[in-house]
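Biologist: I am new to this one and would like a friendly tour. Could you put it on the screen, and I will ask as we go?

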Amino acid sequence: YVVEKIGLLGRYKSIYFFLLLFSGYEFYIRTTFTKTSGVMITAGMIFILYLINENINFDIQYLIGIIFVVIGALIRGAVFYMLTLFSFSCFIIFCVENKKNVEKLKKGVFRFIIIICLLYFIVWITNLIHTQIYKNDETWNEYLNYNRTRASLLDYTWPDYYEFQEKYEKLGVSENDYNMWARYANIADPEMFTTELMEEIRKIDSVNSDKSIKEIFLEMSKKLLMYFKGNLMFYLSIACGLILCFEKRKKGVWKFILIFIFFIGIYYYLSYKGRLRHHVDAVLFFMGSILMLYYCNGYEKICEKEKRRTICTFISLIILSALLMFYNELISSSYYGTAYGIIKSQKEKNKENYDRLSQLSFDKKNLYLIGTNETNNIYQCFNVFQVFEKGFYSNIYRMNDYSMFIPRQILKNFDVLNDNPLSEITDND
């Protein structure tokens, strides 16, 4: 809607075509709750930004943007904090652009502050109510404590065993344990891999305190450069940045630099915290791309005619490189590509998986455990637009870092001793 209102669609049809293509891969084929949250929050923030820039008084339109942001925040609260921090680059751009229009500047700053404060208050109060409701139920409270600790460890980068071997040994974690948990994500043994142990491992500092700030910075920079090439949204961001930088009279360069500073600052923080995860940074790249395209509006045509050909050539090469790198994933509609064999269609693959697992699902008398590799290969049975059959996975448990907490009552229903399904199948015919 915003793209149509500010007239960008007519000027950059090709870029928006590839934006939809790349976003289709990231937010359809590789969809996650984090990405869904990111798209909702980005849509809401861009709409609010548009209303403020157009000097529109508070009305029902602002409520639409706020609803989008709040829904995204309810899906993934951490994404809300990350993207609202990123949106402060827009606040600075607005202030600089309107420094001579004092009246518009005052109104815009006032609206921005009110909306941000309102959003934070709504998110805070809803999270407070949500947490309180779940704490009133003992089983749900136990699950929340387990899952919060599990996610804080397994969603982050594990501290290297050899670098912190002494600390691991003090916790009673052997190299074999580390390989089972960190590399093969087999965490289904609650007697060994307890919530308390997860909390202690998470306290191990993943950044070596003996290194200087310069060494840490260089190490993270190298990690980021290696990491970027495997992220499809990175290529799109580069293409959008080129357009913004080469606007006539270079009006867009300083905006690109400011957006880039905010972007790279957040990225280095994520790297420092060991939080580089594809579904997190794809959202950051997506919002950065949308912002750069948004700020292309209002200028003359992109540079001189002879330079436009050069820019188009560079952008075409960037997009072609991305398409070649992600060719297998795109043609198969699977982000595993050819890792588990050639998949002609993820939809057909899910149908095959459904035919197999439905036989296990039908046998509700037994609890079935699926290993780590099988999780990525045969576990997925439903497509994006399909509704999960109620209770389909109720007796099928994944033994990896995506494993959800199994309530004791369910384990008792299957006569599992000591709440440990892994021990039940070890050396058991």
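Biologist: Is K255 buried or exposed?
Modeller: This is a predicted model, where local features need pLDDT of at least 70, side-chain atom pairs count only at pLDDT 80 or more, and totals for chains, interfaces and linings use all residues. Residues are numbered from 1 along each chain as its sequence is written, and side-chain values use heavy atoms, with hydrogens and water left out. Buried means under 20% relative accessible area, exposed over 50%, and partly exposed in between (1.4 Å probe, protein chains only). K255 has a relative accessibility of 2%, so the verdict is buried.

Biologist: Which residue does the side chain of K255 meet in a salt bridge?
Modeller: A salt bridge here is a side-chain nitrogen of Lys or Arg within 4 Å of a carboxyl oxygen of Asp or Glu. The partner of K255 is partly exposed, at 42% relative accessible area. With 2.2 Å from N to O, the partner is E97.

Biologist: How many residues apart in sequence are the parts that this pair ties together?
Modeller: Helices are DSSP runs (H or I, at least four residues), numbered from the N terminus. E97 belongs to helix α7 (residues 88–97) and K255 to helix α15, so the bridge joins parts whose separation in sequence is 158 residues.

Biologist: What span does helix α15 reach from its first C-alpha to its last?
Modeller: The expected span is 1.5 Å times one less than the number of residues. Helix α15 covers residues 253–272, which makes 20 residues, and the expected value is 28 Å. The model comes close to that, reaching 28 Å.

Biologist: How far apart are the closest N and O atoms of K351 and D355?
Modeller: These two sit four residues apart in helix α19 (residues 346–362), so about one helical turn separates them. K351 is partly exposed at 48%, and D355 is partly exposed at 36%. Their salt bridge has its closest N and O atoms at 3.1 Å.

Biologist: Which helix gives the largest share of the largest nonpolar core?
Modeller: A nonpolar core is a set of buried Ala, Val, Leu, Ile, Met, Phe, Trp, Tyr and Cys residues joined through side-chain atoms within 4.5 Å. The largest one has 57 residues, and those with the most contacts inside it include F86, F263 and L291. Twelve residues of this core, its largest share, come from helix α16 (residues 278–294).

Biologist: Which residue of α15 does L291 touch, beyond its sequence neighbours?
Modeller: Contact means heavy atoms within 4.5 Å. Leaving aside neighbours within four places in sequence, L291 is in contact with residues including I46, L49 and F86. Among the buried residues of α15, the one on the contact list of L291 is I259.
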